Every structure is written in structure tokens, then in C-alpha cells.
Amino acid sequence: GLRRRMLEGGENAREQEPETLEQVEALLAQGVLDETHFVIHHALVSIGEEMSRTAEDVASGRAEAVWLRVIRSAEKVLQANHSMHAIYLDNLAQVRVAAGDLKGAKEAYERAYRATVRCSGASP
């Protein structure tokens, strides 16, 4: 099944990546993979990107919840000085701006800036 193809990897693994939150949850419920597995992480990033373009998902907080999951996963597996932290935090901030949460957006933008400074240094 799907789980076996994903665990075997190869070209078919990416083709079988879950495309919805429901599919992600079903795969996680099997207990073989967790949110730090590349298949789940990449699926959540794709889902977050899609939800960020959907007004209903932004307004309901679903898009923000997905980006928070992506950020938690990245914090577990990426080194502290990895540029993807800044990108995920920036995505979170943009969703918060679109949802009208300017205070939350500011916090996420500040975290993204700190991540960028850790990776690239501060501008002179």
C-alpha cells in the first residue's frame, strides 16, 4: 500500500505524497511515520502553501496551524542556522497578516529576521 511505497522510497515516494491534511493524518495514524519524516514534512509544506492562497483556510486559522506544524518539525530536524527556518516563519507571518493578526505576524517576522541573522549575519 501507500505506506510501503513511501518507506521503500524512490521515485514513487514523492508521487504518493499525501495531498490533504486528512491523508497526512491517516498516514500518521498508522504509527510508522511522524511529522519529522520527509514525506510528511514536504506534504505539510505543500498543503501550507496551498492553504495560504485560500481565504477560507487563512481566515479559519487552518493555514496558520499547518505552518506551525511545519515550523515545529523543522525545529526538530534542521540545524539552528538553517535558512528554511526563516522561510517557514515568513510564511507564517504572511498568513497572520492576511488573517488580521498583526501582533502575531510581527512576532513571526521578528523570529524570521533572527533566523536570517543567524544564517547570514546582520546587514552592516
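This section describes the fold, the confidence and selected side-chain interactions of a predicted model.

The protein chain contains eight helices and zero strands, and its elements, read from the N terminus, run α-α-α-α-α-α-α-α. Of the 124 residues in the chain, 34% are buried. Among contacts between residues at least 6 apart in sequence, 46% join residues at least 24 apart. The chain exposes about 7,400 Å², of which carbon and sulfur atoms supply 50%.

Confidence across the protein chain averages a pLDDT of 88, and 88% of the residues score at least 70. Two segments fall under 50 in pLDDT: residues 1–6 and residues 10–14. For residues 1–6 the model has 13 contacts beyond four places in sequence, and for residues 10–14 it has three such contacts. Where pLDDT is low, the predicted coordinates should not be read in detail.

Arg 69 lies in helix 6, which spans residues 62–77. With a relative accessible area of 12%, Arg 69 falls under the 20% limit and therefore counts as buried. Beyond its neighbours within four places in sequence, Arg 69 is in contact with Leu 21, Val 24, Glu 25, Leu 28, Glu 35 and Leu 44. Two of these residues are acidic partners of the Arg 69 side chain. The side chain of Glu 25 makes a polar contact with that of Arg 69 at 2.6 Å. Glu 35 forms a salt bridge with Arg 69, in which the closest N and O atoms are 2.4 Å apart. Glu 35 is in the loop between helix 3 (21–29) and helix 4 (38–52), whereas Arg 69 is in helix 6, so the salt bridge ties together parts that are 34 residues apart in sequence. Glu 35 itself is partly exposed, at 22% relative accessibility.

His 85, in helix 7 (residues 83–99), is also a buried residue, with a relative accessible area of 9%. A polar atom of the His 85 side chain lies 3.0 Å from the backbone oxygen of Gln 79. Not counting residues up to four places away in sequence, His 85 touches Ala 74, Glu 75, Leu 78, Gln 79, Ala 80 and Ala 115.

The whole structure holds nine salt bridges, including the Glu 35 pair with Arg 69. Another joins the side chains of Arg 53 and Glu 50, with an N to O distance of 2.9 Å. In this pair, Arg 53 is exposed at 60% relative accessibility, while Glu 50 is partly exposed at 45%. A further salt bridge links Arg 111 and Glu 107, at 3.7 Å from N to O. Arg 111 and Glu 107 are four residues apart in helix 8, so about one helical turn separates them. Both are partly exposed, with relative accessible areas of 24% for Arg 111 and 33% for Glu 107. Salt bridges that share partners join these two residues with Glu 64, Glu 75 and Arg 96 into one network.

A nonpolar patch on the surface is formed by Val 97, Leu 102 and Tyr 109, which together have about 280 Å² of accessible area. Within the patch, Leu 102 belongs to helix 8 (residues 102–120). Leu 102 has a relative accessible area of 58%, which is over the 50% limit, so this residue counts as exposed.

Definitions and conventions. Residues numbered from 1 in each chain as written. Predicted model: local features only at pLDDT ≥ 70, side-chain atom pairs only at ≥ 80, totals over all residues. Heavy atoms only, no water. Helix = DSSP H or I, 4+ residues; strand = E, 2+ residues; numbered from the N terminus. Buried < 20%, exposed > 50% of the residue type's maximum accessible area, 1.4 Å probe, protein only. Polar contact = N/O pair within 3.5 Å; in protein donor to acceptor, adjacent residues only side chain to side chain. Contact = heavy atoms within 4.5 Å. Areas by Shrake-Rupley, 256 points an atom, 1.4 Å probe, with all protein chains shown as cover. Patch = residues over 30% accessible without salt bridge, like charges linked within 9 Å, V, L, I, M, F, W, Y side chains within 5 Å. Salt bridge = Lys/Arg side-chain N within 4 Å of Asp/Glu carboxyl O. pLDDT = per-residue confidence, 0-100.
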